[in-house]
Each structure stands twice: as C-alpha cells, then as structure tokens.
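Here is a friendly walk through one protein model, written for someone who thinks at the bench. Have the sequence and the 3D view open as you read.

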Amino acid sequence: MVHRATGWLMLLCLVSAACLYLGPVAQLVGRRHLMITVHEWSGILLPAPFLVGLLSPAFRADLRRINRWAAYDGQWFRAVRTRLTAPASRPAGKFNAGQKIYAGWIAGAVLVMMFTGLLMWFMGLLPFVSRTSAIFVHDILAWAITAVLIGHIRQAYRDPMARAGMRTGYVDRKWATTHHAKWLTEEGRERSRAGRDNG
C-alpha cells in the first residue's frame, strides 16, 4: 500500500512536471494553473504514505531490513560488476543490495526535491541567487529521478512474481528460495530469537 500510494503520487508529480516544462506537452494539455496545483500538492504529499506506513510493524520491519547491510550484499555487487546473472551468484535477503541503494537514494532525492520545491514556492523569502540555485538543483534532480524510475519500472516488468508480491503481499516460496534465499534463513533466525525472548 505504501509503495503503491507513493508510486501514484510520484507519477502525478512527474506527469504534471512534464505538462509544465516540456513545451509540446504544455501546449497540448494547457491548464497551467491546474498543473501547478497538482504538481505542488503531489510533491508535498509524497512522504505521507511513508509516514502512515510507520504505524505498521511489518513496514517498520522492512525498513530495518533495508537499512541493514549484510555480508552477502558485497557478493551481489561483485556479481553485478562481473555481469553474473544467475540467482545463486546474487544472494539476497528480502531486499537485494540494489533495492537497498535505490530505496535510500529515492528517499533522499524526495527530501531534496521537497526542500527545493518549497524554496521555489515561497520565492519571496530568498534572495535571487538562492532561488536560481533551488531551481537548478530541482530541475537536474528531476531528470535524475526520471531516469532512475524508468530503470526501476523496467526491472519490475522483468519480474512478474515481484510485482505480484507488491500487489498482494505474497510471493511463491520457490521464487523466494531462488531469488531471495537469505530471506528465509533470516526469517527463521528471527523467529527463533523471538521464541527465546518470549520463552
């Protein structure tokens, strides 16, 4: 739910930005004031799904997994560098090393976009140099986010089971064993630890 809501807000942000800044699209769509409003509020609301998600223990557990680097993440990077694609050569827990980097990068990028967007929204509060700097950073980072998101969507379309997992919360055990083998091991270890603590 957090991923889906964030995805829709991000899509609204990017589409409305395209309607504002790409000449042919802006002429085709028109309604500039409406597009500005959609862009501003979809950007402001982007962190909302994350903040609501913090109420969920499962979401907080996922955040701990994303923030924790494992020894096998180095092997995953080496496999990417040497272009090894077999799942056995790219060990992963619930999230692989690439997903961990992506999550951290996009979270930081959203914060920078919000900050520079707010500076542009309240232009009267800043001197001219700061305004132009905010616009420059906002525009450059918008193109970087677009490129990274295209890569993210491309990866998702290569893996139907991962997409099904995002929609339903469930994945096939065989898929998990093949592509995220360390996940099952870590889950078992955490259950044992929780059992000892409760016992």
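## Charged pairs, a helix contact and a core

At 24% relative accessibility, Lys94 counts as partly exposed, because buried is kept for values under 20% and exposed for values over 50%. Please keep in mind that this is a predicted model.

Which residue does the side chain of Lys94 meet in a salt bridge? The partner is Asp62, at 2.9 Å from N to O. Lys94 sits in the loop between helix 6 (71-81) and helix 7 (97-121), while Asp62 belongs to helix 5, so this pair ties together parts that are 32 residues apart in sequence. Asp62 has a relative accessible area of 17% and is buried.

Asp62 has another salt-bridge partner, Arg65, with 2.8 Å between the closest N and O atoms. Both Arg65 and Asp62 are in helix 5 (residues 57-67), three residues apart, or about one turn of the helix. Arg65 is buried, as is Asp62. Taken together, Asp62, Arg65 and Lys94 are linked in a network of salt bridges.

The count of salt bridges comes to three. Here they are side by side:

| Salt bridge | N to O distance |
|---|---|
| Arg65 and Asp62 | 2.8 Å |
| Lys94 and Asp62 | 2.9 Å |
| Lys100 and Asp73 | 2.8 Å |

Now for the pair in the last row, Lys100 and Asp73, whose side chains meet in a salt bridge. Lys100 lies in helix 7 and Asp73 in helix 6, so the pair ties together parts that are 27 residues apart in sequence. Are these two residues buried or exposed? Lys100 counts as buried at 6% relative accessibility, and Asp73 is buried too, with a relative accessible area of 1%.

Helix 6 is also the place of Tyr72. Tyr72 counts as buried, at 13% relative accessibility. Leaving aside neighbours within four places in sequence, Tyr72 is in contact with Pro91, Ala92, Gly93, Lys182 and Glu186. By way of contrast, take Arg167: Tyr72 and Arg167 are 95 residues apart in sequence, and their C-alpha atoms are 27 Å apart in space.

Let's turn to how two of the helices meet. Two packed helices are described by the angle between their axes and the distance between the axes. For helix 1 (residues 2-21) and helix 3 (residues 32-45), the axes come within 8 Å and cross at roughly 150°. The crossing of helix 1 past helix 3 is left-handed. Helix 1 brings Leu9, Leu12, Cys13, Ser16, Ala17, Cys19 and Leu20 to the contact, and helix 3 brings Arg32, Met35, Ile36, Val38, His39, Ser42, Gly43 and Leu45. Sorted by character, the residues of this contact are ten nonpolar, four polar and one charged.

Leu9 is a good residue to follow from here. Not counting residues up to four places away in sequence, Leu9 touches Ser42, Leu45, Leu46 and Pro49. Leu9 is also part of the largest nonpolar core, where it is joined by Met10, Leu46, Ile106, Ala109, Val110, Met113, Leu141, Ile145 and Leu149, ten residues in all. Which helices supply at least two residues each to this core? They are helix 1, helix 7 and helix 8 (128-157). Helix 7 gives the largest share, four residues. In soluble globular proteins, nonpolar side chains tend to be buried together.

Note on methods:
Residues are numbered from 1 along each chain as its sequence is written. This is a predicted model: local features need pLDDT of at least 70, side-chain atom pairs count only at pLDDT 80 or more; totals for chains, interfaces and linings use all residues. Side-chain values use heavy atoms; hydrogens and water are left out. Axes are lines fitted to C-alpha atoms, for helices over the stretch in contact, and angles run from 0 to 180 degrees between N-to-C directions. A crossing is left-handed if the near helix is turned anticlockwise from the far one by less than a right angle, and right-handed if clockwise. Contact means heavy atoms within 4.5 Å. Ala, Val, Leu, Ile, Met, Phe, Trp, Tyr, Cys and Pro count as nonpolar, Asp, Glu, Lys and Arg as charged, and the others, Gly among them, as polar. A salt bridge is a side-chain nitrogen of Lys or Arg within 4 Å of a carboxyl oxygen of Asp or Glu. Buried means under 20% relative accessible area, exposed over 50%, partly exposed in between (1.4 Å probe, protein chains only). A nonpolar core is a set of buried Ala, Val, Leu, Ile, Met, Phe, Trp, Tyr and Cys residues joined through side-chain atoms within 4.5 Å.
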